[in-house]
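Please open the model in your viewer and keep the selection panel at hand, since this tour moves from one selection to the next.

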Amino acid sequence: MSVADNTSPPKADPAAALQESPFRRIVSDYMESPLAVIGLMGAAIVIFIAIFAPLISPQNPYDLGAIDILDSLLEPGAKAYTGGTYWLGTDDQGRDMLSAIFYGLRLSIFVGIGSAALAVIVGTTVGLCSAYFGGRVDTLVMRAVDVQISFPTVLIALILLSLLGKGVDKVIMALVIVQWAYYARTVRGTALAELGKEYMEAGRSLALSNLRMIFRHLLPNVLPPLIVIATVQVANAIALEAALSFLGLGLPVTEPSLGLLISNGYDYLLGGKYWISVLPGVALLFTIISINLVGDRLRDVLNPRLQK
Amino acid sequence: MSVFLIRRLMQSVIVLIVMSVIVFTGVFAIGDPVELLIAEDATEEDVALARQQMGLDKPIWQQYGIFVGNALSGDLGKSFVFRTPALDLLMQRLPATFELTIVALLMSIGIGVPLGIYAGLYPETLFARGIMAGSILGFSLPSFWVGLMLIMIFGVMLGWLPTTGRGETVDVFGIPISILTWDGFLHILLPAFNLSLLKMALIIRLTRAGMREVMLTDYVKFARAKGLSTRRVVFVHAMKNIMIPLVTVIGLEFGDLLAGSIVTETVFAWPGIGRLVVSSIGLLDRPVIVAYMLVIVTLFIVINLAVDIIYSLVDPRVRLLQQKS
């Protein structure tokens with residue numbers, strides 16, 4: 001999960017941070033807000049569950065041999081037919097909700113982080129090149145970005161998925177297409193400001209190659225705003241995927257993310273069987289709010305205008 | 001101004017053409033609707049006949065040509081499922097979507113602006129902190145889940161409000177409106193509130209930030225020194241300057257609400273275009289999907305253009321910027 005480390009740098013080894021003073025400042029600044037620390041802990045828990053879901057789940061919810069239809073629609077805390085307890089109840093197929101939520105979370109996090117990571121790569125490359133080369137390329141790219149951002153993300157994702165069909169790869173593709181423009185715009189803006197600075201001129205005087213200029217010298221300096229957007233976009237991607245899966249447009253029924261679990265429980269909600277829908281929703285909420293808290297704090301910490 | 005307008009219009013036309021090609025070719029590629037629609041015991045001749053009737057036997061570029069020709073004369077094809085023109089289907093459902101969107105927008109302004117003003121004037125109070133925490137929730141909560149919770153609390157547990165459909169409607173100039181009947185009013189409350197939450201959070205934050213900034217300016221201090229009442233200073237002097245960003249955002253967010261209604265309509269079984277397109281995607285009803293995309297993209301282009309024009313009329317600074325560039 002190297003991607004996760006990319007998006008939340010304060011989690012890095014504190015011993016390494018001690019040697020690097022700007023990094024230490026960021027970490028200590030971050031820790032000043034108790035709410036942000038809670039968010040970071042929440043995000044860490046969620047990522048832990050996502051990675052180790054198969055090991056910590058009481059049951060493999062997609063192994064037909066492990067689930068028992070006689071145990072369907074049990075309330076939270078009910079005893080299983082074969083012994084054991086369903087702490088969060090079971091769904092209409094007799095699946096343990098706790099395990100289903102763990103696996104769903106795993107998939108949601110994978111889709112969220114995966115799509116954000118790919119979108120960062122695409123958006124950053126386009127944004128950097130657009131700023132660096134300027135001219136007609138720049139105009140064309142930025143016009144496309146403008147047009148795309150003027151349409152709501154749900155709408156674009158809906159159009160794309162109605163064309164692409166269902167599947168994890170297709171959802172990720174749709175989310176990348178939806179998100180890349182935000183990175184491209186932000187990176188271009190920051191890069192343009194950086195290009196005017198002396199170190200860029202020095203690099204040009206030394207006749208460094210374009211590739212080296214862009215990725216070795218320009219890229220590290222546009223990272224701070226990029227990290228903030230990437231964090232928030234992971235949360236947005238998870239929420240969007242959940243909404244699309246809820247509408248029946250995202251993931252196939254065989255690969256239930258949190259959104260699909262919520263959608264499955266929708267029919268039972270009116271009958272008073274709340275847990276099938278509500279509990280995956282709580283997990284989704286916990287995930288999104290944790291990530292947003294981290295992103296919110298990073299925005300303050302990494303904003304040079306607010307630095308003491 | 002006119003140069004700007006012409007450039008924007010040309011850009012809009014290009015976007016529309018690109019969209020129509022993408023949507024048409026894409027929709028063409030998503031499976032064969034004939035297999036879904038025809039009876040299982042149909043013979044091969046029946047299938048071929050159905051294919052011919054729907055115009056699916058022609059090559060794709062020819063289908064696109066026919067489609068564009070028809071689209072320009074207002075004919076976007078017949079729904080495979082309903083057997084009626086797709087555009088008519090959309091037009092029948094458009095008023096429901098518009099009503100929901102407008103009521104949601106009014107709710108978010110009506111609740112968001114006063115709360116934002118309060119939070120901006122008294123940022124240290126407990127209630128203001130509560131408002132801000134609530135607005136963070138408004139941003140974070142996935143709207144479809146909030147909708148489910150609203151249904152569970154107000155529909156199932158308390159039984160206060162109906163949770164599906166539009167209820168009773170009255171025709172105003174031939175357009176059915178829900179909110180004018182008591183039953184319809186009750187039906188629109190939950191979906192509209194659900195849809196409004198995200199925008200409400202945004203409006204609260206904008207109003208609060210604007211209020212805090214404006215209250216520190218010299219002209220507000222002067223108005224206070226002159227002995228004007230707080231109410232007059234806030235609602236007349238300060239509000240005028242907050243309105244500019246607020247109006248733009250509200251204009252832009254209207255389109256966002258229109259798109260967000262896809263989710264809300266599905267949750268609350270609100271018979272609008274969003275629900276229609278979601279079910280059409282499930283049924284592979286190509287003409288309806290294509291018609292929806294084109295109608296919504298056109299709507300968006302019109303809305304964005306209108307907002308740009310209004311903005312440049314309201315705020316002279318924007319106009320100057322346009323002339324310089």
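How much area do chain B and chain A bury between them, and what share of it lies on carbon and sulfur atoms? In this predicted model, colour the two chains separately and look at where they meet: together they bury about 3,000 Å², with 83% of that on carbon and sulfur atoms. On the chain B side, select Phe144(B), Trp145(B) and Leu148(B), which lose the most area to chain A and together make up 19% of what that side buries.

Next, widen the selection to every residue taking part, and you should have 37 residues of chain B in contact with 31 residues of chain A. The elements that give two or more residues to the chain B side are α1 (2–28), α6 (126–140), α7 (143–157), α10 (230–268), α11 (273–283) and α12 (286–314) of chain B. Among these, α10(B) gives the most, with 8 residues. Colouring this side by residue class shows 30 nonpolar, 6 polar and 1 charged residues. If you search across the interface for specific pairings, the rule finds 0 salt bridges between the two chains, and the count of residue pairs in polar contact, both at pLDDT 80 or more, is likewise 0.

Now turn to salt bridges in the whole model, where the count over all chains comes to 6. Select Arg188(A) and Asp138(A), which form a salt bridge whose closest N and O atoms are 2.7 Å apart. This pair links distant parts of the chain, with Arg188(A) in helix α8 (residues 168–195) and Asp138(A) in helix α6 (residues 135–149) of chain A, 50 residues apart.

Finally, stay in chain A and select helix α5 (residues 97–133) together with helix α10 (residues 210–246), whose axes come within 7 Å and cross at roughly 145 degrees. The crossing of α5(A) past α10(A) is right-handed, and the contact of these helices has 20 nonpolar, 6 polar and 1 charged residues.

Note on methods
Residues numbered from 1 in each chain as written. Chains lettered and ligands numbered in written order. Predicted model: local features only at pLDDT ≥ 70, side-chain atom pairs only at ≥ 80, totals over all residues. Heavy atoms only, no water. Axes fitted to C-alpha atoms, helices over the stretch in contact; angles between N-to-C directions. Helix = DSSP H or I, 4+ residues; strand = E, 2+ residues; numbered from the N terminus. Left-handed = near helix turned anticlockwise from the far one by under 90°. Nonpolar A, V, L, I, M, F, W, Y, C, P; charged D, E, K, R; others polar. Contact = heavy atoms within 4.5 Å. Buried area = accessible area lost by both parts, 1.4 Å probe. Salt bridge = Lys/Arg side-chain N within 4 Å of Asp/Glu carboxyl O. Polar contact = N/O pair within 3.5 Å; in protein donor to acceptor, adjacent residues only side chain to side chain.
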